[in-house]
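User: I keep meeting words like "buried", "oblique" and "salt bridge" when I look at protein structures. Could you walk me through how such labels are earned?

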Amino acid sequence: MNPIRYEPPRAVALAVLALVVVAAALLRFPSLGEQGLWRDEAATWLQVNGSLGEVISRTATDNYPPLYNLLAWSSVQLFGGAEWVLRLPSAVLGVLNVALLYGLGARIGGRGVGLVAAALLALSGYHVWYSQEARMYALLACTATAHAWAMVHFLDRPRAARALLLGLSGIPLIYAHPYGALTWIGIGFGALCTIVLRRDWPALLSLVLAELLVALSFVPWGLILIGRAQSIADQGFWIGEPTPAYILLQWRKVTSAMFIVLVLALPFLIFLRRRNGPGPAAWSLPLLLSWTLLPSLLGIIASVLIEPVFFDRYLIGSLPGFLILFALALLMPARTKRGVAIAGAVGLLVGLATLVFASQAAREDWRPITTELRALMEPDDCLALSTPWDEVVLDYYAPQRGPCFVRDLSPGSTASVPATSRIIYLAKQSADEAEAAIAPLAGLRPLQTTRVVSNGVIYIFGPRAPG
């Protein structure tokens, strides 16, 4: 991109960065336990509630590598099992990611780029959301940024020590999420293109050795995931087919529609590049573009050829690279102190817009209905849910429940319930849907009581009628 003549002084940049990091922390930490856990977060609890060996063995039955669960397990060991404790690693990593992105952006395009990219990430409503979730998505974004920084550090001076650092930084990335491997490939391919363009063959050998270290480190868990992938291919997955409209929707969610602005600005940016020359950040474009786009492309290809696995939150590892591209585009026309200030103000407004207009709906709150359930429940009761796939939530909010659980209230499902046991049905659905769901029990079990709570209804059916 074109050279930016004005560069904020280091002391000023660090002061602004401190404000950005504080803002990121204030957006992530105070409300960490405000919402209840949803089923994926409850699954995290189920996997980390035990010994370290149990964490590994339980995670091996899921579709993800174990790094986040290990962090969550450590958090639980230190602070207990509250909602905010399970989400604490994500919040810490989310704030750390903001500081790392400044370092990476400053190294690529100068301090102004670093500050704009860091501010955009700090204010990203999408990133704030996943920094408050007890899952591995903030981890994926943070480890991707750290690995990209190590790659830029290596490309700057390809030395053995930097190659070793590069290899070590890739291990947390691929152990964060299956898309960590795709993100790792995207960053590595961009670096490969840069090295080939430079014809730096010794650097190519060092890159290959560093990437080999990452690949070999993942072999044990990779074998486990191959088995899980076969199971997914046989049984199917819940993600939709990657139609063009679906793909654009996923990218709109991740980038808060900023990609549309960037695409519309491309003709202007190309004109400026031709007028002002490629600039000092031109060497990083293959890396940034590959990091941003290749994981999505590989995910789409896998979705078409094998099984749909393309979903917005899996792409969060590419978000930091996109934000650096966006910051470079904003600052391209800026050649004076005033121009940089205007570009920074535009970036701030865009960031605030992504925060204010974030589209994530509130997580479903199970706390009111499960609080009432705990007061009513007896050891021999059998539970049923209007959403049976949410059974894992009960393991967190009603751990004292008995082993009896039925997926629906059909005669075939309830036939196995002991005649002397009550059936408690938790309905989080419309009144008409609830009445239709409980209809099969009419004449078989008496409806003893109905309790209405803020987000649902509890139906309690007595023991089976004689005869």
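Analyst: Happily; this is a predicted model, and we can take its labels one at a time.

User: Let's begin with two helices. Why are α10 and α15 called oblique to each other?

Analyst: Helix α10 (residues 178–198) and helix α15 (residues 285–305) pack at an angle of about 140°, with their axes 7 Å apart. To count as roughly antiparallel, an angle has to be over 145 degrees, and roughly perpendicular covers 65 to 115. The angle of about 140° fits neither class, so α10 and α15 are oblique. As for handedness, α10 passes α15 in a right-handed crossing.

User: Which residues make that contact?

Analyst: On the α10 side, the residues include Y179, L182, I185, F189 and L197. On the α15 side, P286, L287, W291, L294 and L298 are among them. Sorted by class, the contact of α10 with α15 has 14 nonpolar, 6 polar and no charged residues.

User: What makes α16 and α17 oblique?

Analyst: The reasoning runs along similar lines. The axes of helix α16 (residues 319–331) and α17 come within 9 Å and cross at roughly 140°. Roughly antiparallel would need an angle over 145 degrees, so α16 and α17 count as oblique. Their crossing is right-handed. In this contact, F326, L330 and L331 of α16 meet V340, A343, V346, G347 and V350 of α17. By class, that gives 7 nonpolar, 1 polar and no charged residues.

User: Now for charges. How do you know that E41 and R363 form a salt bridge?

Analyst: The general idea is that side chains of opposite charge can pair when their charged atoms come close. The rule asks for a side-chain nitrogen of Lys or Arg within 4 Å of a carboxyl oxygen of Asp or Glu. For E41 and R363, the closest N and O atoms are 3.6 Å apart, so the pair meets the 4 Å limit. The two partners are 322 residues apart: E41 is in helix α2 (residues 39–48), while R363 is in the loop between α17 (337–356) and α18 (367–376). Both E41 and R363 are buried.

User: Which residues are linked with them in a network of salt bridges?

Analyst: E41 and R363 are linked with R87 and E133 in such a network. By this rule, the count of salt bridges comes to 17.

User: What makes E54 and R58 a salt bridge, and how are they placed in their helix?

Analyst: Their closest N and O atoms are 3.9 Å apart, and the rule accepts distances within 4 Å, so the pair qualifies. E54 and R58 are 4 residues apart in helix α3 (residues 52–59), which means they are separated by about one helical turn. E54 counts as partly exposed because its relative accessibility is 34%, and the label applies between 20% and 50%. R58, at 28%, also counts as partly exposed.

User: D156 and R162 form a salt bridge too. Why do D156 and R162 carry the labels they do for exposure?

Analyst: The closest N and O atoms of D156 and R162 are 3.8 Å apart. D156 has a relative accessible area of 47%, so D156 is partly exposed. R162 has 17%, and buried means under 20%, so R162 is called buried.

User: How do you know whether S124 is buried or exposed?

Analyst: S124 has 4% relative accessibility, so S124 counts as buried. S124 lies in the loop between α6 (111–123) and α7 (125–130). Leaving aside neighbours within four places in sequence, S124 is in contact with L319 and T354.

User: What about R198 and R199: why do they get the exposure labels they have?

Analyst: R198, in helix α10, has 38% relative accessibility, so R198 counts as partly exposed. Not counting residues up to four places away in sequence, R198 touches L155 and W283. R198 and W283 are 85 residues apart in sequence, yet their C-alpha atoms are 9.5 Å apart in space. R199 lies in the loop between α10 and α11 (201–217). At 62% relative accessibility R199 counts as exposed, because that label needs over 50%. R199 also has a positive phi of about 60°, although R199 is not a glycine.

Definitions and conventions: Residues numbered from 1 in each chain as written. Predicted model: local features only at pLDDT ≥ 70, side-chain atom pairs only at ≥ 80, totals over all residues. Heavy atoms only, no water. Axes fitted to C-alpha atoms, helices over the stretch in contact; angles between N-to-C directions. Parallel < 35°, antiparallel > 145°, perpendicular 65-115°, else oblique. Left-handed = near helix turned anticlockwise from the far one by under 90°. Contact = heavy atoms within 4.5 Å. Nonpolar A, V, L, I, M, F, W, Y, C, P; charged D, E, K, R; others polar. Buried < 20%, exposed > 50% of the residue type's maximum accessible area, 1.4 Å probe, protein only.
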